Number of protein chains: 2
Amino acid sequence: MQEKLDQLKRILGVVADLNGATALLGWDQQTYMPPGGVENRGYQIGTLSSLSHSKFVSDEVGSLLEDLKPYAETLDSDSDDACLVEVTDREYQRAVKVPSEYVEEFSRVTVLAHGAWEEARANNDFPHFQPHLEKIVDLRRQYADFFAPYDHVYDPLLDDFEPGMKTAAVQKIFSELRPKQVELLQAIAEKDQVDDSFLHLHYDGDVQWQFGEEAITKYGYDWKHGRQDKAAHPFTTNFGLGDVRITTRVDEDFLNTALFGTLHEAGHAIYEQGVAKRLDRTPLGEGASLAVHESQSRMFENLLGRSYDFWIHFYPRLQELFPTQLGNVDLDTFYKGINKVEPSLIRVEADEATYNLHIMLRLELEIALMEGDLKVADLPTAWNDRMNDYLGVVPPDDADGVLQDVHWSSGILGYFPTYSLGNLVANQLWEKINQDIPGLSKQIQAGNFSELLAWLREHVHQHGSKFKPQDLVKRVVGKGISPEPYLEYLNEKFGAIYKL
Amino acid sequence: MQEKLDQLKRILGVVADLNGATALLGWDQQTYMPPGGVENRGYQIGTLSSLSHSKFVSDEVGSLLEDLKPYAETLDSDSDDACLVEVTDREYQRAVKVPSEYVEEFSRVTVLAHGAWEEARANNDFPHFQPHLEKIVDLRRQYADFFAPYDHVYDPLLDDFEPGMKTAAVQKIFSELRPKQVELLQAIAEKDQVDDSFLHLHYDGDVQWQFGEEAITKYGYDWKHGRQDKAAHPFTTNFGLGDVRITTRVDEDFLNTALFGTLHEAGHAIYEQGVAKRLDRTPLGEGASLAVHESQSRMFENLLGRSYDFWIHFYPRLQELFPTQLGNVDLDTFYKGINKVEPSLIRVEADEATYNLHIMLRLELEIALMEGDLKVADLPTAWNDRMNDYLGVVPPDDADGVLQDVHWSSGILGYFPTYSLGNLVANQLWEKINQDIPGLSKQIQAGNFSELLAWLREHVHQHGSKFKPQDLVKRVVGKGISPEPYLEYLNEKFGAIYKL
């Protein structure tokens, strides 16, 4: 059996190498590639993805798994090998259900849709994108049917990003969250608004960059195993666990963009840097799910990066770097400014108190599209109605409304809820961390994140994707994903800032 | 037959995609990769090289070629398709001789060797690199044996870079060259030395970078299809004909390093950028050979970049950028300074009159290593002895001696002689170009390289590797590679500078 296991690992290693190379092709495309490279880059990514897919769904992998499954059941279920067989089998069973003609068509359709979306957004022309999105919704329904029977047509989509998560469970969580978040927003709306005008002064890009790097160095981001570059959209990627890179963008007229982008991506990257090296080049050598990933990025961005404790340590340094802009802004004012709550149009720029409402809106629309209750043609109206209901703002045009996100144009449905689930998981972990490390607040105030990092390494990072996300959360905090700690955090934090 | 040809091209396209991705993995490793990435990078390059190799040496390619060869003979022998079948078949017959396991091992070994070489050079620690180089020499001997019988054990290595060239032929050319080059050096040594002290002042790195980019922009380097980055050792690479990148290094205390490095690499890159786009993703979509490649880089570096005509145009701009350093240095003095002949330690910084002697030394050592007459452990001593014999200088340490070049650490043996052959080809082409464009000298003085570029595109670049290097040279200048124009050029140029 050891021989079969080794053979499986060899094949998975080749798949991982192809995926790592594909990730580098993508990283380069978004950082340094000259425009003339785009055509060949398309061929290269297509060729490598297709090779990786066909290596993985090969009969050889299938028969190795069949032989190894009974053996894996004899092992400690927490052991690497038992988890490897289980996770690989789960991914294999899903992958073989999807015919390669579908994969090809989906890829062709989304390439065209992405181009159409870019044009539609630039020209504020939803009808130009509409037929493409119709085709995508149709293809996503076909996709779901490969996994029939299911409890809900949205389940198979969700499962791609959040293994084991069900639509009903997400809906239940969100139905608890929504009224309370709306209530909080209404309470804030009745209070005086905080000042954040100082964040919109001119901030030199190189100095912003320097501060961000200093901050994430203190977080524990390991520069020997990563680097940061500029890209139009911030992202984290890796080419194996020894090389986990982040990107950010810099706006010289708004301090938040690069700063919180860097802190957020560092959270993702520190997670991947902390996965046990022995899991590298296997399907276990990555974060457990998107929600768990997002729990790390939101923790480093918000629970740390937008906390008072954090800025007790870092604010003097930031003032030193930007004396003209911040010399006369005291810590209290700065803290309130970076935590300003204000309903707005664009998800990626939303504050902590409104962010989830942007997600709920998207989830509901995606479910309605998949169920067939909502036609793509009616999507802009549905979008605007819900924006008004939840946030009290209505986009002046579709470019800042239904066309703002890239996801649908790439065929990605089922992804958005993981952002909100990540917020919840972050706070569940945070509650437990503060029980386990009573002196954490003082440590943060001293710019010392090492005990926190050690805790995360031990309880979350090292395991990679050995455990399903819900199981991992349960192992650590004693129950599955739930909204209470998050709501408590929001109410306490913004209650204090807005004197509710 | 068209169907078979299309099928062959499809497979060659996949091979090209894998090779392009592998090249990016290599570029990244030498420009931006953090140290922690090295282990996975080894796996990735190994996996992709091996996949590329096995796709190329597949039975399907073999049988397509068998079917297509008779058909290709019915076509115009200069046609793309006829050349494609011929060149692919030549490469295929060579490639099938090399087992995939060898290719994979070679990749893995050289990735590690490259890292070890970097450390060894930084710490002046040859023994740290020695076991890696021993492994590489051993692997190269195994490689040669795949091609047995051969006239000389070095022939198979040479043939990889210079199709059709034999060790004996190179030795013959070099034996003609060496006494005449040594004679020229001796004559120069008896004359007063020119002043080049102004080249060793402090030159801001960013401004050097800017001037280099301005110069190669005038040459015709296309930034939409390329970029320049910093690397420890300058090189050119491409990921398809639409993305041809160069690297250079900057020494703030020596103007020549970045400047002539950039001009040199631009010559390589402009060649690749000029290959007909219809040859992309096929074995024809690259330069004809390394010697022909080097003829372009040496032309742009030396025949242009170290010419009086070139600096009539560019010197005022350089003085403007470096007024303190060059404001009081007149053009004549500058021209002589950048053409100073002086035996020195570093090949890439060697002047035109001594350069080939550096190459001859390397060729002889490589042949001795391959023949088994020289042990890797004895290489530093052998290096220093020959430096003393040929150039009359001895490196104070191995970092500036045997460890200076990247090639061996990447497993590249058989490559060095192509540099010298390139010098010869450059001068053969240059003689012809000046016959065909009588006004060239004036054009260069005006910073106008467009007619030169058009000539090179027409006669050399566009053809890619459709023709064997010796055949290409013969097509253009009427005879094969020969040293006379080069020797004539050296004698004339340095005769004038040193008043011989």
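This dialogue reads the fold of chain A and then one strand of chain B.

Author: The model is predicted, so that local features need pLDDT of at least 70 and side-chain atom pairs count only at pLDDT 80 or more, while totals for chains, interfaces and linings use all residues. Residues are numbered from 1 along each chain as its sequence is written, chains are lettered from A in the order in which they are written, and side-chain values use heavy atoms, with hydrogens and water left out.

Reader: What does the secondary structure of chain A come to?

Author: Helices (H or I, at least four residues) and strands (E, at least two) are DSSP runs, numbered from the N terminus; chain A has 21 helices and three strands. Its radius of gyration, taken over C-alpha atoms, is 23 Å, close to the 23 Å of the globule rule (2.2 Å times the number of residues to the power 0.38) for 500 residues, so chain A is as compact as a globular protein of that length.

Reader: Are the residues of strand S3 in chain B buried or exposed?

Author: Buried means under 20% relative accessible area, exposed over 50%, and partly exposed in between, with a 1.4 Å probe and protein chains only. In S3(B), residues 244-248, five of five residues are buried; Val244(B), Ile246(B) and Thr248(B) point one way, and Arg245(B) and Thr247(B) the other.

Reader: Which strands pair with S3(B), and in which sense?

Author: Two strands pair if DSSP finds at least two bridges between them. S1(B), residues 228-230, pairs with S3(B) in the parallel sense over three bridges, whereas S2(B), residues 236-238, does so in the antiparallel sense over three bridges. Ile246(B) has Gln228(B) opposite and also Thr236(B).
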